[in-house]
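Thank you for asking for a few comments; please keep the sequence and the structure side by side while you read. The points below are numbered so that you can return to each of them in turn.

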Amino acid sequence: MSAAKRVQQWATFARSWHIFDCKWQDPYESANIIKKYLMGLHKPIYHPMNDCGDVVVAINSRDIALRGDEWRTRAYFHHTGYPGGASWTLAWELHNKDPTMIIKKAVYRAMKGNLQRRHTMQRLFIYPGENVPEDVLQNVTNQIRQIRLVPTRLDQIPEEVTKTYPKVMDYPEDYVLK
Amino acid sequence: MALIRRCVPLFAKVVRIHPVTTQAQKIHRWVAPTLMELKRREKKVGGKKINPRNTFLEWNLEAELYAFAQRLNEDFDSDLLLQAFTDRSYVIKEEMKQKELEFDIKMKDNRELVEIGDQFINAYIQNYLEVVLPKFPMEGVKGVRKFLTSEAILANVSLHLGTKDIILAAEYPVDNFILANTFKAIVGALLDSSGEERAAHFVRDFVITQLQGQDVNEYLPIEDPWSMLTSIVKKDGTTIEPRLIGETGRNTLLACYRVGLYVDKKMVSSGFGESVAIAKEMAAREALKKIFGTEDTMKPINFKLDGIPKPTSQTRYQITAS
Amino acid sequence: MSAKHMFLKPGFVRAPLQNGIGRYVCQLQRIVLKFCKSNGASRGMRDFIEQDLVDFAKVNPGVVVYLKPRRHRGPVVVAEYLNGDRVWMSVHNKTHAEITKWIEVLRTQQGNNASTRLRKYQYTDHPSIQGPWTPFTHKLPELNTAELPNPAFGANNRLPMSATEQLRLMFEAQKLGEKSDDLKTAE
């Protein structure tokens, strides 16, 4: 194979590293997006035998947002294999024990249950906060867009913006706020 | 009633559908044991005995030679054609046989025709390539010509033209060297029989078309593309700026880098690589391909030029040994 | 699965020796017709030889035709091609018309087509003109110099515009004495 063809193949099958910020995101919606990048479904060269999946680094997994009262009511099942080894753990308990488990289980559930699943899951790195190791962060060259809008906290808007923002109405000067 | 019932199958047409052209799904029981037994017998004798075609009962050398000429749509002088197919080894073998029988039929062998044909093929291909790849350096043109006139290519062409059965040689099956020589001899015979133009078209249609689908740049070896590129560009007075325009997985084994070359802030070419140095080298090679007019998106090589084309005096880059 | 492909050799759609690009060469090299002079099974074959064979040989001067009349043997057509394939075909009890058609099939093949399983139905030397896809093809160049994670690249940019933002834009548009072309939309 000539050098040009070798290099072209290297580039076409290169594995990219993507980063995804899980803050305020629903893990099950995000899992659908993340699984596409992990399996390589976003590439036109996709084939299940091709090993064309990319690496996804998920950060801020501690700040995920489950819907409704799922934190209180969703239970994760685990069986050790031994008799009497069934356990039902609620979402908030699991999250306290290991903040990366919920998003990991969500991505695992989103994928097809074939023999490639375990191998593909090894390409997913989850970090509970913003703290990512240097060498992993250096590899990352693309960011996956979130699904949900992260609402801006009112006390985190800078002062100049609040002062110059156009107002529809304003209280008169001598009005006393209760 | 009973009579009618019994007669119905006699009158009604019993239509059985036998599939005619579909293959049988079943492989018969006797197929595998038969093949195994045949293989055993072959091994015992020591390999398959393949008889050369000209020892068969249905063989007419004159008819084969005529058909060969007609198939290629060419006119050959029949003596020259027979001479082209006779190999030196066959002549030697015949002379040894004839010594014993005290015969004396002189058979001409194809050595002179091979030389004439070889010279013509090389000259014509050199000419053609110079016209068809006007900016390609001479070393590259020479490399492509060497590839096209290599023994493997000419032997392959010769095989697919049907010379394998007609060649008169001492041992069968014929090896590549004899096949390639036969092809050159045929070109020599055609040159003598029909003239330069017809021989030129023959070489063009069978040898030069082997370039179809091949990357011409493989036959131009460049050791240091970056220094070559800078020296070319220096003559015009501009500088090339290499920039890293993409990377994936820097700390991994599968790291991929993309380097782009810019002249006056406009991208000239880009290259990929396992490391930044390799990517820069490949980008330089791409830029050189564009200068030589042989990039991947070049216009396909024209295989329809008639006669003996004349190369125009265009500027070709000279790779001087520094 | 099925055993149909086991005796078939897999192959791609190719022309031997770039056949059409230079001149076209008929790939059939020689054809051997074996028949019996008296048996009924060779009747179609005999009719073909008597009526159509000479025309066939005139129209295809590049094909050598051999005739083998053999007693007590069934009629057979053996076609040999330039790439070395030999196609043996029995024409036992076939009519004159059928034999003509089969000989036409053999003439226009390039080798033993019946024993080749096509892996793909197309072939091209240049599968891509604009260049094969790479992960860099549609990537934004701004990502090269960005420090990831960056909310500019991470936030959803396909959400519909909120009411607050619409009002703000309306306000900016109707401001008096201000230029309307440097309107900043919050992203």
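1. The UniProt record, through an unreviewed entry, lists residues 224–293 of chain B as "domain: DRBM". Please bear in mind from the outset that what you see is a predicted model. In this model the span 224–293 of chain B is 41% helix and 34% strand, and the C-alpha atoms at its two ends lie 19 Å apart.

2. The record has another annotation for chain B, for which the unreviewed UniProt entry gives "domain: RNase III" at residues 61–195. Here the span is 74% helix and 0% strand, with 25 Å between its end C-alpha atoms. It is worth setting these percentages beside those of residues 224–293, where helix accounts for 41% and strand for 34%.

3. How is chain B divided into domains? Domain 1 covers residues 61–216 and domain 2 covers residues 225–292, and the C-alpha centres of these two domains of chain B are 44 Å apart.

4. Within chain B, helix H3, made of residues 61–71, deserves a careful look, as B:Ala67, B:Phe68, B:Ala69 and B:Arg71 in this helix are buried. What do the buried residues of H3(B) pack against? Their partners are helix H4 (78–85) and helix H9 (163–166) of chain B, together with E3 of chain C. After H3(B) comes B:Asn73, which has a positive phi, near 65°.

5. A residue to find in the other part of the chain is B:Gly246, which belongs to strand E1 (residues 241–248) of chain B. Is B:Gly246 buried or exposed? A residue counts as buried here if 20 or more other C-beta atoms lie within 10 Å of its own, and B:Gly246 is buried because it has 24 other C-beta atoms within 10 Å. Leaving aside residues up to four places away in sequence, B:Gly246 touches B:Arg258, and it also touches C:Phe136, C:Lys139 and C:Asn144. B:Lys234, by contrast, is 12 residues from B:Gly246 in sequence, yet the two C-alpha atoms are 27 Å apart in space.

6. The contact between chain C and chain B takes 29 residues from chain C and 29 residues from chain B. On the side of chain C that touches chain B, strand E2 (28–35) and strand E3 (64–69) of chain C each supply at least two residues, and E3(C) gives the most, with three residues. By residue type, this side of chain C divides into 16 nonpolar, eight polar and five charged residues.

7. Strand E2 of chain C also takes part in strand pairing, as E2(C) and strand E4 (residues 76–81) of chain C pair in the antiparallel sense over six bridges. One bridge to find on the screen joins C:Leu28 to its partner C:Tyr81 in E4(C). E4(C) pairs as well with strand E5 (residues 86–90) of chain C, again in the antiparallel sense, over five bridges, and here C:Glu80 stands opposite C:Arg86 in E5(C). E4(C) and E5(C) form a hairpin with four residues between them, and in the turn C:Gly84 has a positive phi of about 100°.

8. The contact between chain A and chain B takes 14 residues from chain A and 16 residues from chain B. Which elements give two or more residues to the side of chain A that touches chain B? They are helix H1 (3–12) and helix H7 (134–139) of chain A, and the largest share, five residues, comes from H1(A). This side of chain A divides into six nonpolar, six polar and two charged residues.

9. Chain A itself has eight helices and six strands, and from the N terminus on its elements run α-β-α-β-α-β-β-α-α-α-β-α-β-α. Its radius of gyration is 22 Å, well over the 16 Å that the globule rule gives for 178 residues, so chain A is more spread out than a compact globule. The C-alpha trace of chain A spans about 80 × 60 × 30 Å along its principal axes.

10. Two further values help to describe chain A. Buried residues make up 29% of its 178 residues. Of the contacts in chain A with a separation of 6 or more, 68% are between residues 24 or more positions apart.

Methods
Residues numbered from 1 in each chain as written. Chains lettered and ligands numbered in written order. Predicted model: local features only at pLDDT ≥ 70, side-chain atom pairs only at ≥ 80, totals over all residues. Domains from an automatic or database assignment. Rg over C-alpha atoms; globule rule 2.2 N^0.38 Å. Buried ≥ 20, exposed ≤ 12 C-beta atoms within 10 Å, placed from the backbone. Contact = placed C-beta atoms within 7 Å. Nonpolar A, V, L, I, M, F, W, Y, C, P; charged D, E, K, R; others polar. UniProt positions renumbered as here; feature names shortened; annotations may be inferred. Pairing = 2+ DSSP bridges.
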